[in-house]
Amino acid sequence: MTTSKTIAALLGPTLIATAVSLLANLDISQTLIEGLSQSPALIMIAGYAAFVPGLAIVYFHNRWTNGWPVLVTVMGWLSLVVGLLRMVFPTQLAAMATKIAPAAAGVFPVFAVVFLLIGGFLSFEAFGRE
């Protein structure tokens with residue numbers, strides 16, 4: 001359980017901070033997506049930034065048991081897969097970003113709420129009493 005709590009203590013606040021960032025920048029969400037669509041290199045770098053922590057989580061915490069720690073494992077696998085896709089298909093993802101930029105304002109709040117809920121739950125489990 002120590003590994004689960006340690007990773008949750010890192011992942012939870014990170015997801016909360018990401019949610020706050022998304023909500024604070026709703027007015028420029030389309031501009032952010034358009035910027036990504038012009039920079040496959042940035043998408044590739046973001047892929048490494050997602051792949052490495054995902055790989056670390058999967059390596060140290062690949063637990064498919066009942067209870068909340070499985071959420072840590074799922075988040076690790078998601079990060080690993082998303083990172084790999086960004087590294088392998090940066091040009092294709094940049095083209096997709098161009099198409100979805102107009103709808104970004106509607107998608108950012110949804111992601112923010114999901115990140116806030118998962119991050120809050122993981123933070124509660126990591127920092128709460130046993």
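**A tour of helix α2 and its surroundings**

Start with α2: its buried residues pack against α5 (90-100) and α6. The model is predicted, and residues are numbered from 1 along the chain.

**Stop 1: the buried face of α2.** Select residues 29-37, which make up helix α2. Which of its residues are buried? Ser29, Ile33 and Ser37 are. Turn the view to look down the axis of α2: the buried residues fall within an arc of 80°, so they line one face of the helix.

**Stop 2: α2 against α6.** Now add residues 104-127, helix α6. The axes of α2 and α6 are 8 Å apart, and the two helices pack at an angle of about 100°. Because angles from 65 to 115 degrees count as roughly perpendicular, α2 is roughly perpendicular to α6. To see the contact itself, show the side chains of Ser29, Gln30, Leu32 and Ile33 on α2, together with Ala104, Ala105 and Phe108 on α6. What kinds of residue make up this contact? Five are nonpolar and two are polar, with no charged residue.

**Stop 3: Leu26.** Step back along the chain to the loop between α1 (2-24) and α2, where Leu26 is found. Leu26 counts as partly exposed, at 31% relative accessibility. Which residues does Leu26 touch, leaving aside neighbours within four places in sequence? They are Ala105, Phe108 and Pro109. Draw a distance from the C-alpha atom of Leu26 to that of Pro109: the value is 7.6 Å, although the two residues are 83 residues apart along the chain. Ala105 and Phe108 have already appeared at the previous stop, as α6 residues in the contact with α2.

**Stop 4: the aromatic pairs.** How many aromatic pairs are there? The count comes to two. For one of them, select Tyr59 and Phe60, an edge-to-face pair with 4.9 Å centre to centre and 90° between the planes. Are these two residues buried or exposed? Tyr59 is exposed, with a relative accessible area of 67%, and Phe60 counts as exposed at 55%.

Then select Phe111 and Phe115. The ring centres are 6.1 Å apart and the planes lie at 45°, so this pair is tilted. Both residues belong to helix α6, where four residues, about one turn of the helix, separate Phe111 from Phe115. Colour them by accessibility to finish: Phe111 counts as partly exposed at 43%, and Phe115 is partly exposed with a relative accessible area of 23%.

Definitions and conventions. Predicted model: local features only at pLDDT ≥ 70, side-chain atom pairs only at ≥ 80, totals over all residues. Heavy atoms only, no water. Axes fitted to C-alpha atoms, helices over the stretch in contact; angles between N-to-C directions. Parallel < 35°, antiparallel > 145°, perpendicular 65-115°, else oblique. Contact = heavy atoms within 4.5 Å. Nonpolar A, V, L, I, M, F, W, Y, C, P; charged D, E, K, R; others polar. Buried < 20%, exposed > 50% of the residue type's maximum accessible area, 1.4 Å probe, protein only. Arc of directions from axis to C-beta. Phe/Tyr/Trp six-rings, centres within 6.5 Å; stacked < 30°, edge-to-face > 60°.
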